[in-house]
Amino acid sequence: MKNKSQKTGRNALCPCGSGLKYKRCCGSRGAPASKDAESIYTRRYNIRLKKASDVEAIRKAGRLVMETLDLVESRIEPGLVTEEINTLVHKFTIKNNGVPAPLNYRGFPKSVCVSVNEVICHGIPGPYALKDGDIVNVDVTTILDGYYADANKSFWVGTPSLDAKKIVDVARESLKRGIAIVKPGNTVGDIGWAIQTWAEDNGCSVVREFVGHGVGFDFHESPQIPHFGRRGQGIELIPGMVFTIEPMINLGDHSLRILKDNWTAVTRDRSLSAQFEQTLVVTEDGSEILTPYDL
């Protein structure tokens with residue numbers, strides 16, 4: 001996916017129609033989005049801002065996502081078959097009145113993505129049994145009362161190698177640094193810059209083909225959130241935007257290939273890959289994570 005973001009200059013007139021410069025209006029830290037700003041962001045960027053009631057509903061879905069990930073984490077050990085992870089996620093989600101969003105999404109055959117070692121994302125659960133030293137990423141997206149929340153975590157299985165420990169640690173910190181940038185007046189490019197800088201400074205690379213995305217009313221919404229970029233570029237963040245940040249970090253080169261199942265993305269050089277993801281909302285003075293876990 002390509003980043004097609006646009007930027008409203010801080011010295012340009014605010015798109016909300018107030019007559020003020022953007023930096024003095026919706027682009028200023030702590031400024032709430034006006035009704036006109038909502039209309040402009042919807043028309044210009046196809047971004048649907050979330051009201052307080054929407055955020056609460058996404059937060060509720062996020063709690064179920066985190067309970068699901070906690071359940072999976074408690075079962076991670078050598079010998080666990082990835083199909084068993086799918087069964088755990090599916091049954092727990094249905095039991096709690098949720099819907100597993102990945103199931104049948106554009107033909108995806110399972111209720112969760114499980115990606116092991118060199119698999120970057122979209123791994124399809126199956127007969128593979130986890131081995132000591134593996135990295136496994138579990139990506140859960142749940143629909144609850146019509147609202148979506150999305151998060152994933154990478155886990156070590158048993159005792160990690162030095163390379164496995166490094167890539168998981170770098171990926172975790174990459175997400176943490178991306179989230180720290182989120183506040184009104186900053187841009188989508190600022191998020192990507194923070195992630196890319198950290199990953200590359202640590203000798204790793206950032207996957208380009210898959211990005212974060214708006215979420216809440218649907219599985220994938222605008223805007224796209226690339227995990228690479230330049231400071232000050234891209235759409236400026238305003239309160240009410242809800243999106244994921246989900247950097248995919250490779251120990252080797254960022255290039256990938258898609259397997260014959262048309263879903264599973266693997267590193268082209270077969271190097272290890274790791275990922276962490278959270279759903280968050282831009283608030284008036286920063287952000288709130290709606291799928292919270294410790295980083």
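Me: Where is Pro223 placed?
Reply: Pro223 sits in strand β8, residues 221-225. This is a predicted model, and in it the peptide bond from Ser222 to Pro223 is cis, with omega near 5°.

Me: What about backbone oddities elsewhere, say the phi of Asn46?
Reply: Asn46 is not a glycine, yet its phi is positive, about 60°. It belongs to the loop between α1 (35-45) and α2 (52-75). Asn117 also has a positive phi of about 60° and is not a glycine either.

Me: And where is Asn117 found?
Reply: In the loop between β2 and β3.

Me: Is Asn117 buried or exposed?
Reply: Buried. Its relative accessible area is 15%, and the cut-off for buried is under 20%, so Asn117 qualifies.

Me: Let's stay with β2. Which way do its residues point?
Reply: Strand β2 covers residues 113-116. Cys113 and Ser115 point one way, Val114 and Val116 the other way, and all are buried.

Me: Which sense does the pairing of β2 and β4 have, parallel or antiparallel?
Reply: Antiparallel, over four bridges. Val116 stands opposite Val136 of β4.

Me: OK, cavities. How many of 30 Å³ or more does a search of the whole structure find?
Reply: One. The largest cavity holds about 40 Å³ of space.

Me: Which residues line the largest cavity?
Reply: Ser115, Val119, Ile120, Ile135, Asn137, Ser154, Ser273, Ala274 and Gln275. Ser115 is thus in the lining as well as being one of the buried residues of β2.

Me: Which strands supply at least two residues of that lining each?
Reply: β3 (119-121), β4 (135-144) and β13 (273-275). The largest share, three residues, comes from β13.

Me: And the lining by class?
Reply: Four nonpolar, five polar and no charged residues.

Me: β13 again. What is the strand order in the open sheet of three strands?
Reply: The order is β6-β10-β13, and the pairing is antiparallel. β6 (205-206) and β13 stand at the edges with a single partner strand each, so one side of each has no neighbour in the sheet.

Me: How many bridges join β6 to β10?
Reply: Two, with the strands running antiparallel; β10 is residues 248-250. Ser205 has Asn250 in β10 as its bridge partner.

Me: Switching to helices. What should α4 span, and what do its end C-alpha atoms give?
Reply: Helix α4 runs over residues 162-180, which is 19 residues. At 1.5 Å a residue the helix should span 27 Å, and its end C-alpha atoms are 27 Å apart, so the two agree.

Me: Which residues of α4 are buried?
Reply: Ala164, Ile167, Val168, Val170, Ala171, Ser174, Leu175, Gly178 and Ile179.

Me: Why would residues three or four places apart point the same way in an α-helix?
Reply: An α-helix has 3.6 residues a turn, so residues at that spacing point the same way. Among the buried residues of α4 are Ala164, Ile167, Ala171, Ser174 and Gly178, which can be read with that spacing in mind.

Me: Last bit, the whole chain. How many helices and strands?
Reply: Five helices and 15 strands. The protein chain has 295 residues, and buried residues make up 54% of them.

Me: And what share of the contacts between residues at least 6 apart in sequence joins residues at least 24 apart?
Reply: In the protein chain that share is 68%.

Conventions
Residues numbered from 1 in each chain as written. Predicted model: local features only at pLDDT ≥ 70, side-chain atom pairs only at ≥ 80, totals over all residues. Heavy atoms only, no water. Expected span 1.5 Å × (residues − 1). Buried < 20%, exposed > 50% of the residue type's maximum accessible area, 1.4 Å probe, protein only. 1 Å grid on protein atoms, 1.4 Å probe; cavity = no way out; pocket = protein on both sides within 12 Å on 5 of 7 lines; lining within 4 Å. Points joined across faces, edges and corners; volume = space filled by probe spheres on them. Nonpolar A, V, L, I, M, F, W, Y, C, P; charged D, E, K, R; others polar. Pairing = 2+ DSSP bridges. Contact = heavy atoms within 4.5 Å.
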